[in-house]
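Trainee: I should like to understand how the descriptions of this structure are justified. May we go through them one at a time?

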Amino acid sequence: AKPVIVAIDGPSGTGKSSTSKAVAAQLGLSYLDTGAQYRAITWWMVTNGIDLEDPTAIAAVAGKPEIVSGTDPDKPTITVDGVDVAGPIRTQEVTSRVSAVSAVPEVRTLITELQRSIAAGAERGIVVEGRDIGTTVLPDADLKIFLTASPEARAARRSGELKGADVHATREALIKRDAADSSRKTSPLAKADDAVEVDTTELTLAQVIECVVTLVEEKR
Ligand code: C5P
């Protein structure tokens, strides 16, 4: 069978990562978490004291860190210059700063090239999750999914992940990050015209996975 390319986009807290990993594992495909790549470059900028208020400073060093993503859905990995950053990229500091870094066009160009080369190298196909995969990174994907959920459901899921973090604060932070990601000039968070929108508010994770697996199988 020819490799199948699946793009899964949507705001945070819609179950994108859990769904994408499970679908890839079930169908024997590779998996790429593009948010982790933007988090990794942000982690490197924070660690190296780059002024994140200054897009020119970010652009000037964007090509310095070497980001490597492992694409096994059962154990996704991410390293920066050989250092495992799977833990550090999930801190609140990185989460609160990633939108400023990911809005810089030079950063997006570099990361987009990396994403395209990883997708092209996936022999059996790949599930790529992010914000601009269907619109910009892989516009010829075989299947594009856009996941949504109510702000309440998204905040509740994220707070659950963060083990009891304040739902209200989490909701505010989520809304702020999505607004920044949706309003930036270069490849904002957006649904591609030919994407299938799945509202996950009233669905269990198992139901969302089943829905996406069925859609992929229809394309094969
Ligand atoms: O998916 P996750 O929440 O880990 O993504 C972190 C951030 O990375 C997003 O808030 C966004 O700023 C950026 N991102 C992006 N384009 C993508 C994936 C993530 O700009 N395709």
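Trainee: To begin, where is the place of G15?

Mentor: This is a predicted model. In it, G15 is found in the loop between strand 1 and helix 1.

Trainee: Why is G15 called buried?

Mentor: A residue counts as buried if 20 or more other C-beta atoms lie within 10 Å of its own. G15 has 23 other C-beta atoms within 10 Å, and therefore it is buried. Leaving out residues up to four places away in sequence, G15 touches L147, R157, T200, L205 and V208.

Trainee: What makes P11 buried?

Mentor: The cut-off is again 20 or more other C-beta atoms within 10 Å. P11 has 21 of them, so it is called buried. P11 also lies in the loop between strand 1 and helix 1 (16–27). Its contacts, apart from neighbours within four places in sequence, are R154, D178 and L189.

Trainee: Which residues does UniProt list for "binding site"?

Mentor: The unreviewed UniProt entry lists G10, P11, S12, G13, T14, G15, K16, S17 and S18 under that name. Such an annotation may be inferred rather than shown by experiment.

Trainee: How do you know which strands belong to the sheet, and in what order do they form it?

Mentor: Two strands pair if at least two bridges are found between them. Strand 1 and strand 6 are joined by 6 bridges and run parallel; within this pair, A7 has V128 as its bridge partner in strand 6. Strand 2 and strand 6 pair in the parallel sense over 4 bridges, and there S30 has I126 as its bridge partner. Strand 7 (residues 143–148) is joined to strand 8 by 4 bridges, also in parallel, with T148 partnered by D199. The result is an open sheet of 5 strands in the order 2-6-1-7-8, with parallel pairing.

Trainee: What makes strand 2 and strand 8 edge strands?

Mentor: Strand 2 (30–33) and strand 8 (196–199) each have a single partner strand, so one side of each is left without a neighbour in the sheet. On average, neighbouring strands of this sheet are turned by 20 degrees against each other, direction ignored.

Trainee: How do you know that both faces of strand 6 are covered?

Mentor: In a regular strand the side chains alternate between the two faces of the sheet. On one side of strand 6 are G125, V127 and E129, on the other I126, V128 and G130, and all are buried. That agrees with the count for strand 6, where 6 of its 6 residues are buried.

Trainee: Which helices lie across these strands?

Mentor: Helix 5 (residues 105–120) lies across strand 1 (4–9), strand 2 and strand 6 (125–130), at about 155 degrees to strand 6. Helix 9 (residues 205–219) lies across strand 1, strand 7 and strand 8, at about 165 degrees to strand 7.

Trainee: How many residues surround the ligand, and which are the closest?

Mentor: The ligand is surrounded by 14 residues, the closest being G35, Y38, S102, G130 and R131. By class, this shell has 3 nonpolar, 6 polar and 5 charged residues.

Trainee: Which helix supplies the largest share of the shell?

Mentor: Helix 2 does, with 4 residues. Helix 2 (34–47), helix 4 (92–102) and helix 8 (167–183) each supply at least two residues of the shell.

Terms used. Residues are numbered from 1 along each chain as its sequence is written. This is a predicted model: local features need pLDDT of at least 70, side-chain atom pairs count only at pLDDT 80 or more; totals for chains, interfaces and linings use all residues. A residue is near a molecule or strand if its C-beta atom, placed from the backbone, lies within 6 Å of it. Ala, Val, Leu, Ile, Met, Phe, Trp, Tyr, Cys and Pro count as nonpolar, Asp, Glu, Lys and Arg as charged, and the others, Gly among them, as polar. Axes are lines fitted to C-alpha atoms, for helices over the stretch in contact, and angles run from 0 to 180 degrees between N-to-C directions. Two residues are in contact if their C-beta atoms, placed from the backbone, lie within 7 Å. A residue is buried if 20 or more other C-beta atoms lie within 10 Å of its own, exposed if 12 or fewer, and partly exposed in between; C-beta atoms are placed from the backbone.
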